[in-house]
Amino acid sequence: MGPQQDRKSSMANGTVSRKETKVVQYRECQRNHAAAIGGYAVDGCREFMASGAEGTAAALMCAACACHRSFHRREQVEADYDCSSTTSS
């Protein structure tokens, strides 16, 4: 009684199944490097790039600026995926 049954029933009826999900992307770094001296300075890192493989501790650190992922601006983007398959022989 989950999403698998819904997809199978819609494909059996001849309709195309589409799935809309939200994808999270991390953009520019917003860490204030001069906060300790009372100033404001960011490093200019434009997008988060993971230092390691997914599921490891290194995946939470940015390879460009060495900051944690939480310092980067979080953006949710809606993605439209087509769940139907087309095969040709």
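**Exercise 1. Find how much surface the chain exposes and what share carbon and sulfur supply.**

Solution. The chain exposes about 6,900 Å², an area from the Shrake-Rupley method with a 1.4 Å probe, where for residues only the protein chains shown count as cover. Carbon and sulfur atoms supply 50% of that surface.

A note before we go on: this is a predicted model, in which local features need pLDDT of at least 70 and side-chain atom pairs count only at pLDDT 80 or more, while totals for chains, interfaces and linings use all residues. Residues are numbered from 1 along each chain as its sequence is written, and side-chain values use heavy atoms, with hydrogens and water left out.

**Exercise 2. Classify the aromatic pair in the structure.**

Solution. Start with the count: the structure holds one aromatic pair. The ring centres of Y26 and F48 are 6.1 Å apart and their planes meet at 65°, so the pair is edge-to-face (centres within 6.5 Å; planes under 30 degrees apart are stacked, over 60 edge-to-face, the rest tilted; rings of Phe, Tyr and Trp, its six-membered ring).

**Exercise 3. Describe the surroundings of H72, starting from whether H72 is buried or exposed.**

Solution. First, H72 has 3% relative accessibility and therefore counts as buried (under 20% relative accessible area; exposed is over 50%, partly exposed in between; 1.4 Å probe, protein chains only). Next, look at its neighbours: H72 touches residues including Y26, R27 and F48, leaving aside those up to four places away in sequence (contact: heavy atoms within 4.5 Å). Of these, Y26 is buried at 18% relative accessibility, and F48 is buried at 13%.
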